[in-house]
Structure formats: C-alpha cells, structure tokens
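Colleague: Could you take one part of this model and walk me through it slowly, in connected sentences that a first-year student can follow? I would like a close look at the disulfide and the strands around the place where it attaches.

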Amino acid sequence: PSVTEACGTYPATTIIGNDATPSGGSYIWEMETNGLGFVAASGTNNQKDYTTPVLNPGIYRIRRIYNVMANGQDCEYESNIIQIEVHDNPIAGISGDDAVCQGGSVTFTANGGVSYRWNIGNQTTQSITVSVATNAIVTVTDANGCTDTAEKTLTINVNPTAGISGDD
C-alpha cells in the first residue's frame, strides 16, 4: 500500500502480489501483530493478493510465503515484509472555568497533544484567554500527526446591581 501509517484505524487494503514463478505453487499470507510472531493472516490468504481486515492501533508486519515443487524439491519463497503502523488518536481536553462575571476573563488550557489550533483567533498556543461568551473549540495534534478536538463553552454572568436601603 502507498500509505503505511494511519490514525485510529487503517481501512481494509489490498496488497498486490506478483505472479510467483515457477507457477503451480500455493500462497500463504502471514501477519505479525505488535511483535508477537507471524501467524496465518485472517480471511482469504491463499491468493497472490491479500486484503487486510480493518486494523486497529498497533504495528502490523505482513508477508507472503510461496510454496512450490521445483525440480523435484519443495521450495519456499518469502516476500518482502510490509509494515503498517496504526497510531491511537490523542484525547483532547480543555481545562478552565466554565463561567466568569461580566468584565472578567478565564484561561482555557488544552491538553492531549503537542500542537494546538483554536477556533478563536486561529491561535496556536496551548492556553488562550477568553472574556466573551463563546464556544471554544481546539484541535490537538500529537507527535504522530493524529488529531482530536474538544470544546468548552464560556458563560458570562451579569454583575449584580448593588443598592442600599434604609433611612439616610
């Protein structure tokens, strides 16, 4: 496959194999998951091509074995190994107060990534100052380029009107 890294899940993908020679042999596809050793790949794996299942986060190594009888001998040929790495998506979050009195401000701080982009002023800092009623949305990106979003709403409370009653 042309793309060998993904975030969250990797879609079912067909790996195209060549026509092995001499002809008349059999194909077996094998997959190793997270370094636990090669086992027969799931699904139909006795063709020259192989379609992977949807892959969840992990490191997958895939190879094809071709067995054929040639010149009276059993021969086994192993293909090159294709590695597919699926990264977990980060979990974005925003901390900070949900409400502030009119005229005040709060700091919203994002977490879960190594870079940040806010919908407020297109800011790219981890923390922003907010002083108006708004729905703040941040996209966090982790070291693998995977992203997640979080949102937080700031409510502005109206200041009370002070008064004193009684005889002057």
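Modeller: Please keep in mind throughout that this is a predicted model. The structure holds one disulfide, and it is formed by Cys-7 and Cys-146, whose sulfur atoms lie 2.1 Å apart. In general terms, a disulfide is a covalent bond between the sulfur atoms of two cysteines. The bond between Cys-7 and Cys-146 links distant parts of the chain, since Cys-7 belongs to strand β1 (residues 5–7), while Cys-146 sits in the loop between β14 and β15, 139 residues apart. The torsion about the S-S bond of Cys-7 and Cys-146 is about -85°, and therefore this disulfide is left-handed.

The surroundings of the two cysteines can be described through their accessibility. Cys-146 has a relative accessible area of 0%, so it is buried, the cut-off being under 20%. Cys-7, at 32% relative accessibility, counts as partly exposed.

Let us now turn to the strands on either side of the loop that holds Cys-146. Strand β14 (residues 134–141) and strand β15 (residues 147–157) run antiparallel and are joined by eight bridges; within this pairing, Thr-134 has Leu-154 of β15 as its bridge partner. Both strands belong to an open sheet of four strands with mixed pairing, in the order β10-β15-β14-β12. The edges of that sheet are β10 (99–101) and β12 (115–118), each of which pairs on one side only. On average, and with direction ignored, neighbouring strands of this sheet are turned by 25° against each other.

Notes: Residues are numbered from 1 along each chain as its sequence is written. This is a predicted model: local features need pLDDT of at least 70, side-chain atom pairs count only at pLDDT 80 or more; totals for chains, interfaces and linings use all residues. Side-chain values use heavy atoms; hydrogens and water are left out. Two strands pair if DSSP finds at least two bridges between them. Axes are lines fitted to C-alpha atoms, for helices over the stretch in contact, and angles run from 0 to 180 degrees between N-to-C directions. A disulfide is a pair of cysteine sulfur atoms within 2.5 Å. Buried means under 20% relative accessible area, exposed over 50%, partly exposed in between (1.4 Å probe, protein chains only).
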